[in-house]
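Please open the model in your viewer, with the sequence panel beside it, and follow the stops below in order. Each stop suggests a selection and then says what is found there.

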Amino acid sequence: MSVRRSLVIGTVGLATVLAAQTTALALPSADSAGAQAAAAARPPGAIVEGSLRALASTTGLRIGTAVNTDLLGEDAAYTEIVNREFNTITPENVMKWEVVEPQQGVFDFTGADEIVKSAQANGQLVRGHTLVWHSQLPAWMATNGGTTTTLTDQQVKDAVKKHVQAEAGRYKGRIWAWDVVNEAFNEDGTPRQSIFYKAWGNSTDYIADAFRWADQADPSAKLFYNDYNIEYTGPKSQAVYDLVKKLKAQKVPIDGVGFQTHLSTQYGFPDLQATMQRFADLGLDVAETEVDVRTAVKPGATEGTFTSEPLSALHAYTQQAYWDQTMKACLFVQRCVSYTVWGVADSNSWIPGVFPGEGAALLFDDDYQAKPEYTVISQDLALAAGKARHRTGEGSGGR
Ligand code: G3I
């Protein structure tokens, strides 16, 4: 504990730490026996003083995490953290197309139902993720990373309509926000050449249609466009800006833009606050939807394996500084309605599988112990307490 505190002081400054002497400074642990006892001792949905969800609720900000059904309700330590710390959850995989419609017209909502049920029992809102995405499509729909299909253009259109209506309709009134369309642009700002883009005649008009169908199926959900690397000023961010500006002008039912915020310390910190404010000024909500901060990690005992330990103290400090800035960016933008981290512990993050040699990207370590990053963002939330409640936490009313 004292070691962790001194790491934080090194990053965010002594004044900040001294100003935030709240219960949030106690780093929570979640060993399995302790987690079970803690969970059993309070009713589902009860708010634990000093938790991230308690601190965030004082400003109306929603704080969330991505969850998986192989751990939620199965692993006591994981489940305890999810329900104690977060008031919003996002299914990391089980609402994706390949999972819910593995064969055409045959739906399997088992995992998605579990998550929605768990959220309701624990007083959490659900960010639905995601209705239209080129990745993780079932084989009957597309191959080659969502770029080729055996279906005709009309069949693709019909399948998208049916899929959006079926999934958004099933959870009508129970999803707070949907990522309706995910990752529709390339880094250079050109539209991704997905089967959707092609089926609509090489046009991004599928995006407007998807939002309209989602709105028809669930009028009370906030509807988001979601993407990565749009935190940085550049052609991709500009392309998304132009798109959502056009959608607003066309009265397409869009409520917000999700900035995934998958960051790495090897790149500079993005101009996130200014970018989110620019989008918010279009009359949209904004959110950080998949926050993680990866860095280079120490090698493991066996060649080719890696630990979840940052390569040096400097790597760790930089991660903490990045987390601090992601949270402050959201706190400083009035229309930033939610801040979601992409997983619970470093051991269940997608990062090591995709970026070998990088990791340590989340708030809890492999053993579910809170890291200094946790303290950094809880301090930010504590410092924001008592500021005006300016965020719209509920439904699509702000459209
Ligand atoms: O469930 C199957 C299992 O049955 C099979 O044996 C195993 C073999 O590889 O795969 C399992 O599926 C994996 C799935 O995660 C569930 O664990 C997929 O292979 C794997 O590709 C998939 O990765 C997910 C990835 O999206 C897919 O592109 C990550 O967990 C998830 O964190 C990641 O999340 C995305 C967001 O949805 C969108 N933004 C970027 C973000 C990170 O890539």
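Two residues are in contact here when they have heavy atoms within 4.5 Å of each other. By that criterion, residues 24 or more positions apart account for 78% of the contacts with a separation of 6 or more in the protein chain of this predicted model.

**The whole chain**

Begin with the protein chain displayed as a cartoon, where the secondary structure comes to 15 helices and 11 strands. If you then colour by accessibility, buried residues make up 56% of the 399 residues. Switching to a surface shows an accessible area of about 15300 Å², of which 53% belongs to carbon and sulfur atoms.

**The largest pocket**

Next, select Glu183, Tyr228, Gln260, His262 and Trp350, which among the 21 lining residues of the largest pocket lie nearest its centre. The space in this pocket is about 460 Å³. Now add strand S3 (125-133), strand S7 (262-264) and strand S8 (285-299) to the selection, since each of these strands supplies at least two residues of the pocket lining. Which strand gives the most to that lining? It is S7, with three residues. Colouring the lining by class gives nine nonpolar, seven polar and five charged residues.

**Just before S7: Thr261**

Stay in this region and select Thr261, whose place is in the loop between strand S6 (256-259) and S7. Most residues other than glycine have a negative phi. Thr261, however, has a positive phi of about 65° although it is not a glycine. Is Thr261 buried or exposed? Its relative accessible area is 0%, and because the cut-off for buried is under 20%, Thr261 counts as buried.

**Along S3: a cis peptide bond**

Move now to strand S3, where Thr130 is found, and display the backbone atoms of His129 and Thr130. Most peptide bonds are trans. The bond that joins His129 and Thr130 is cis, with omega at about 0°.

**The largest cavity**

A search of the whole structure finds three cavities of 30 Å³ or more, and the largest of them holds about 50 Å³ of space. To find this cavity, select its lining residues, among them Val132, Trp133, His134, Val181, Asn182, Glu183 and Tyr206. Glu183 deserves a label of its own, as this residue lines the largest cavity and is also one of the residues nearest the centre of the largest pocket. Strands S3 and S4 each supply at least two residues of the cavity lining, which by class has six nonpolar, three polar and two charged residues.

**Helix H10**

From Tyr206, which lines the cavity and is one of the buried residues of H10, extend the selection to the whole of helix H10 (residues 205-217). This helix has 13 residues and reaches 19 Å from its first C-alpha to its last, close to the 18 Å expected at 1.5 Å a residue. What do the buried residues of H10 pack against? Their partners are S3, helix H8 (153-170), strand S4 (177-182), helix H9 (195-199), strand S5 (222-227) and helix H11 (235-249). The buried residues themselves include Ile207, Phe211, Trp213 and Asp215.

**Helix H11: Lys245**

Follow that packing into helix H11 and select Lys245, whose place is in this helix. Lys245 is partly exposed, with a relative accessible area of 45%. If you draw a distance from the C-alpha of Lys245 to that of Leu284, the two are 9.4 Å apart in space and 39 residues apart in sequence.

**Two loops towards the C terminus**

Then select Gly343, found in the loop between strand S10 (336-341) and helix H14 (351-354). At 3% relative accessibility, Gly343 counts as buried. Leaving out residues up to four places away in sequence, Gly343 touches Thr65, Ala66 and Leu362. Its C-alpha is also 7.8 Å from that of Glu92, although Gly343 and Glu92 are 251 residues apart in sequence.

Finish at Tyr368, which lies in the loop between strand S11 (358-359) and helix H15 (372-384). Tyr368 has a positive phi of about 65° although it is not a glycine, and at 9% relative accessibility Tyr368 counts as buried.

Terms used. Residues are numbered from 1 along each chain as its sequence is written. This is a predicted model: local features need pLDDT of at least 70, side-chain atom pairs count only at pLDDT 80 or more; totals for chains, interfaces and linings use all residues. Side-chain values use heavy atoms; hydrogens and water are left out. Helices (H or I, at least four residues) and strands (E, at least two) are DSSP runs, numbered from the N terminus. Buried means under 20% relative accessible area, exposed over 50%, partly exposed in between (1.4 Å probe, protein chains only). Accessible areas come from the Shrake-Rupley method with a 1.4 Å probe; for residues, only the protein chains shown count as cover. On a 1 Å grid over the protein atoms alone, a cavity is a set of points where a 1.4 Å probe fits but cannot get out, and a pocket is an open set with protein on both sides within 12 Å along at least five of seven lines; lining residues have an atom within 4 Å of a point. Grid points are joined across faces, edges and corners, and a volume is the space filled by probe spheres set on the points. Ala, Val, Leu, Ile, Met, Phe, Trp, Tyr, Cys and Pro count as nonpolar, Asp, Glu, Lys and Arg as charged, and the others, Gly among them, as polar. The expected span of a helix is 1.5 Å times one less than its number of residues.
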